[in-house]
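Hi,

Here is the structure I promised to pass on. Have a look at it first, then read my notes below.

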Amino acid sequence: MSKTINFGIDLGTTNSLIAKFNKGTVEVYKNPIGFKESLPSVVAFRNDRIIVGEKAHAYLEKDPRSTIGQFKRKMGTSESFKIKSIDQSKTPIDLSALVLKELKTFIHSGETPEAAVITVPASFDMVQSNATKTAGHQAGFKQVVLLQEPIAASLAYANKTTGNELDNSQWIVYDLGGGTFDVALVRIADGELKVVDHEGDNFLGGADFDARIVERIIVPSIEKKGRFDDLLDQLKSASGRLNRTWYTLLGAAEEAKKELSTKSASEIDVELEDDDGEMVSALISVTRSEFEALIKDVIDSTAELIRTILTRNSLQPSDLKFILMVGGSTYIPSVRNRVEELLGIPVNTDIDPTNAIAIGAAYYAGNKPLELMEAKERDAAPSPLKLKVTYNKVSLETEEMFAAKVEGAVDGLSFRITRDDGGFDSGLKQLSARISEDLPLVPDAYNSYTLKILDQHNNPIAIELIQIAQGKYSVAGQMLPDDLSLVKDNIQDGDTKLEQVFARNTILPAKKKMTVDVSKTMLHDTEDEIRIIVVEGPSANHPSSNKTVGALLVRAKNMKRDLLRGTEIDLTFEVSESRSVTVHAYVNPSGPEFSDVFTPKDRNVDVKALAEEIGMLEEKIEQEKAEALDNENYEVVDILTKLSGPIQELQGEAVLLTIDDVTDNKFKLEDRKRKIAQELHQATSTKRIERLRSEYLLVRDEVSELVKESGNDIEKRSFQEIINREHAFLNTNSLQRLAEHVSRLHGLQFQILMRSPDFLIGWFQSLVAKRESFNDQVQARNFIEAGKQHIQGEDFDRLLEVNRRLYSLLPQQEKESKEMRHFTGIS
Amino acid sequence: MIEIKQPASADQLKPLLSALSQLYELDRKVQARSEFQALGRNLEKMKAAFDELGYRIEDPQGQGYNETRVDLEASIAGSSTEDLVVTEVIKPIIRYLMRDSTGEYSKIIQRGVVVVESRSKKDAQ
C-alpha cells in the first residue's frame with residue numbers, strides 16, 4: 001500500500017492547529033507547553049530570539065514593531081513587515097513558515113513529517129494559495145497540498161456520519177472564531193465537495209464580545225459605585241492608571257462568557273481604586289439574556305451575510321440541508337439559536353468547532369498519497385556537531401548561566417532550550433560557535449532542561465540534557481540516616497506503634513505536617529500528659545527498639561479546658577540540615593501551642609516516660625516467656641530468661657532517677673532499654689509474623705466468602721486491591737504492614753456484616769445480655785423494646801440504629817474488652 | 001528527559017484546578033484582611049492536604065517576567081515591555097509533584113494567568 005500524507009494543518013489567521021490521521025482516527029496534537037491544541041498565529045522577535053504562539057501574543061499590542069500577528073491577511077501581497085528588534089523585514093510567507101515550524105514541535109512521536117495538507121480560506125486566490133504553499137516548503141515540507149477551510153470542516157462532519165445522506169445536497173459552513181468570521185456555501189455533487197460561494201468579515205469574533213461585556217456591563221456598574229471621571233479611558237489607554245485592570249476584566253469577561261454557554265447567569269468579582277483612592281468592590285451579575293442582547297446586532301449581521309449568499313445564488317433557506325457551525329464562538333447558544341431563528345435553517349453542531357478544520361484536513365491527508373521522489377525513511381545520521389557544555393550542576397541562585405562551545409558547521413542552524421516541567425522556553429535562537437543562556441531555576445527542586453539543536457526546518461539534529469539542582473539539593477549528601485517516626489498508641493493490642501514521619505534518605509532540611517487524635521480524655525487540672533515522642537530507626541520496628549530523639553509533652557495542667565478524646569492535634573515536624581528536630585504541636589480547638597527543638601547532641605529523654613517504658617518492657621518479656629513455655633519453644637525461653645536480669649536491674653536504676661536528672665545516666669539507661677527491646681523483638685518477631693500471617697489468611701477466606709455473597713462493587717474492589725498487594729506484604733517482615741492489612745480486612749468484614757440481618761440480630765442479642773450494665777436503664781429498656789419490634793418488622797436499618805444507641809449506653813470498660821493502655825495519649 | 005505522567009487528562013483535572021484556584025483566591029483574601037486571620041490555619045491545612053496529593057499552588061505575584069517564562073500567560077499593561085514584573089495574579093501556577101528516592105520532580109498543570117507591567121512604571125506610581 002502506498003503511503004499517505006496523514007498530517008493536516010489549520011493555518012489560521014488567529015490560531016493554528018496540527019492533526020494526524022492514523023488508521024482511521026485523527027489525533028489533534030497539543031502544544032507541549034501549556035497543552036493547548038491551538039497555537040496563536042503570532043511571531044515575536046525579542047532580543048535575539050524568535051518566539052511563536054502564546055508568548056508572542058502577549059507582546060502583540062505592546063511591542064507591535066517587533067511582534068506580528070494576522071499576517072495571513074497579507075499572504076500573496078508584496079507587503080512585508082519591518083521588524084525593529086532585528087532591523088530586518090519579514091514577509092507573510094516567512095512568518096507563516098515560522099508558525100508551521102512551531103506546529104511541528106507539537107508532534108510528540110518524534111516523526112518528521114515530509115508532507116502536509118494545509119487549509120486556506122475559501123476567499124484565497126491563486127497568488128495567496130501559492131504563497132501558502134511556499135510557506136509550507138520553507139518550513140521543510142517537501143509536498144504541500146492545499147484544502148479550503150469550509151471543505152475541511154465539512155469533511156470532519158462527513159467522517160462523523162455514516163451513509164451517504166449528504167449526497168447531492170448543499171449547506172452553509174458558518175465559521176466564527178476569536179477574531180474573524182467566514183461563511184461559505186458548500187455543495188456536494190457526484191461525491192465531490194465544492195465551495196460555491198463565500199463571504200466574510202476579517203474583524204469580527206469572540207474577542208469583540210468580551211470587550212462589549214467590559215464596556216457595556218462592567219464599566220457602567222463600577223461607575224455607579226465610586227467616583228471615576230473617565231473610567232473607560234483609564235482602562236483602555238496604555239498610559240492609563242487602570243490599564244492593568246483592563247486585562248483582568250477582559251479575562252473575567254471571557255470566563256463569564258464561557259460560563260453563560262451552560263448557565264443562565266454568571267458573576268464577575270471586581271475590585272479597584274476610584275479617583276479618590278477609595279477601594280470599590282462589586283459583584284456584577286451578568287445574565288444570559290443580558291449577554292444575548294449585547295451581541296444580538298453582531299449575530300444579526302452574520303445572518304445578513306448568509307442571506308447575501310442565498311440571494312446571490314437564487315436559493316431558499318429550505319434548499320439548504322443545515323448550517324455547519326465551526327469556530328470557538330459558535331459554542332455560544334444564542335449564536336446557534338439566533339442564526340437558526342433568523343434563517344429558518346437547522347444548525348448543525350455535531351463537530352467540535354475549535355478543531356474541526358484541522359481534523360478535516362487530517363482526514364483528507366489520510367487519503368492523499370505521498371508523492372515524494374525520496375519518500376524513504378530519514379536515517380538517524382549521527383550529528384556532525386560537537387558540543388562542549390559548561391554549567392553548575394548545583395546552585396543556590398535563582399538563575400544559572402549555561403554555556404556551550406559548538407564545533408562544526410553552525411550556519412543555518414538554531415537552538416532551543418526548554419525546561420521539562422513546562423515553565424521555561426528560550427525560544428528559537430540562532431546557533432553560533434559559542435552559546436550562552438540564563439536558565440531560571442525552580443527553587444528547591446531538580447531542574448531538568450532539554451537543549452535541542454535544530455536544522456533550518458526545525459528538525460532536531462542533536463539533543464543534550466541539562467540538569468541543575470537548586471536549593472536544598474545543592475547540599476545533596478545531607479540525608480537523614482534513618483527513619484524518623486512518631487510513637488502512637490496501638491489501642492487494640494495495648495501496645496505502641498510507629499508512624500513514619502520522614503523516610504530514611506530524605507534530603508534535609510525537611511518539613512512535614514501530621515494530624516493525630518487524642519486517644520484519652522484528659523482533665524485539665526490533673527497531672528496527665530500527652531507525649532509526642534519522636535524516635536529514630538527503622539519504622540517497621542517496634543517503637544521501643546528505636547532511639548528516642550525527643551519527647552514533647554503536652555501537659556493537661558497547661559490547658560484551660562479538658563482535652564476530650566478525639567480532639568485533633570496538628571503536629572509540624574522540621575528537621576534542619578544539622579539534623580535537629582523541631583516539633584510543634586497545636587491543640588485544636590482549645591488553642592494552646594507547644595513546641596520544642598531536639599538536637600542530636602542534646603538528646604531529650606523524659607525520665608518519667610523512660611521508667612514507664614522499662615516497666616512495660618519487663619511485663620512484655622514475662623508475657624512472652626510464659627507463652628513460649630506453653631508452646632515449648634525453649635530456644636526463645638532461654639533468650640528471654642537472659643533478658644529478665646538486666647531489665648529488672650534497669651527498673652531499679654530508673655526508680656532512683658530524679659525527674660530533673662542532669663547527669664547522662666538517663667541516656668545510658670535509655671540505651672540499655674533499647675538494646676533489651678531489640679533483643680526481645682528479635683526473639684519473638686518470627687512468631688508474631690507467623691501468627692499475623694495465619695490470621696490474615698483466615699480473615700481473608702472469611703471476607704472472600706462474605707464479599708462474594710453480599711459485597712457491593714466498592715467493597716469488591718477494595719478486597720481485590722488487598723489481594724493484589726498480598727504477595728508484597730505477606731513476604732515482608734514488617735509487622736506493621738501485615739497488621740495494617742489484617743485490620744483493613746476486619747474493617748471490610750464489619751462494613752458488610754453491618755448490612756446482614758443475622759449479624760445485626762446477633763449483635764442486638766449480645767447487647768441485650770448486657771442489659772444490667774447500661775448507664776441509663778430507662779433509655780435502654782426503650783431501645784430494647786424498639787429493637788424487638790424492628791426485628792419483627794424486619795426493619796434492619798432501624799435495628800442498626802438501635803444497636804448503636806445501646807452500644808453508646810455501655811460504660812467505657814464494657815466497650816473496650818481489653819485493658820487499654822495509653823502510653824502516648826495519641827492514636 | 002524525566003517523564004512525569006499527567007495525573008489525569010486535562011478535562012478530568014478541570015474541576016480540581018478550579019478548586020485549587022479558588023483556594024488560592026481565598027488565601028489571598030484572608031491574608032489581606034486581619035479579621036479573617038483565624039481562617040489561615042484551615043487554609044494551610046487544605047494546602048498541605050493538596051500538597052500531599054501532589055498538587056502545589058505557586059504564587060507568581062511580584063516575580064519578574066519575560067518572554068521565556070512559559071509558566072505564565074501574561075497580559076502586558078502599560079506601554080513598556082521592558083523589565084516586567086507580575087502585578088496581578090488572576091490564576092496561580094499549579095504544579096503536579098512526583099517524589100521518588102532521587103528527589104522531587106514537577107510538571108506545570110496550570111499556567112498562571114497574570115497581568116505584568118514594567119517595574120519602572122510601577123515604581124513611578
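Which residues have the most contacts inside the largest nonpolar core? They are Ile9(A), Leu324(A) and Ala361(A), and the core they sit in has 124 residues. Before you go hunting for them, keep in mind that this is a predicted model.

Helix 10 of chain A, residues 356–367, gives this core its largest share, with nine residues. Where does the core lie? Both domain 1 (7–154 + 355–367) and domain 2 (165–350) of chain A give residues to it, so the core lies between these two domains.

If you'd like one residue to click on, try Leu324(A). Not counting neighbours within four places in sequence, Leu324(A) touches Ala153(A), Ser154(A), Tyr157(A), Trp171(A), Ile172(A), Val173(A), Tyr174(A) and Asn348(A). There is also another core, apart from that one, with 27 residues; Val516(A), Val518(A), Ile532(A) and Ile533(A) are among them.

Next, a sheet in chain A. Eight strands make up an open sheet with mixed pairing, and their order is 7-5-6-23-22-25-26-20. At its edges you'll find strand 7 (67–69) and strand 20 (394–395) of chain A, each paired on one side only. Further in, strand 22 (residues 414–419) and strand 23 (residues 428–430) of chain A pair in the antiparallel sense over two bridges. To see one such pair up close, look at Phe415(A), whose bridge partner in strand 23 of chain A is Lys429(A). What packs on this sheet? Helix 2 of chain A (residues 92–104) does, touching strand 5 (42–46), strand 6 (49–52) and strand 7 of chain A. The direction of helix 2 makes about 75° with that of strand 6 of chain A.

Now on to chain B. This chain has 125 residues, of which 35% count as buried. You'll find three helices and seven strands in chain B, and from the N terminus on they run α-α-β-β-β-β-β-β-β-α. Among the contacts in chain B with a separation of 6 or more, 65% are between residues 24 or more positions apart.

Chain B has an open sheet too: four strands in the order 2-4-7-3, with mixed pairing. Why is one side of strand 2 (64–65) and of strand 3 (72–76) of chain B left without a neighbour in the sheet? Both stand at the edges with a single partner strand each, so nothing in the sheet flanks the other side. Strand 2 of chain B runs antiparallel to strand 4 (residues 84–91) of chain B, and two bridges join them. One to look up is Tyr65(B), whose bridge partner in strand 4 of chain B is Leu84(B).

Cheers

Terms used:
Residues are numbered from 1 along each chain as its sequence is written. Chains are lettered from A and ligands numbered from 1 in the order in which they are written. This is a predicted model: local features need pLDDT of at least 70, side-chain atom pairs count only at pLDDT 80 or more; totals for chains, interfaces and linings use all residues. Two strands pair if DSSP finds at least two bridges between them. A residue is buried if 20 or more other C-beta atoms lie within 10 Å of its own, exposed if 12 or fewer, and partly exposed in between; C-beta atoms are placed from the backbone. Two residues are in contact if their C-beta atoms, placed from the backbone, lie within 7 Å. A nonpolar core is a set of buried Ala, Val, Leu, Ile, Met, Phe, Trp, Tyr and Cys residues joined through C-beta atoms within 7 Å. Domain bounds come from an automatic or database domain assignment. Axes are lines fitted to C-alpha atoms, for helices over the stretch in contact, and angles run from 0 to 180 degrees between N-to-C directions.
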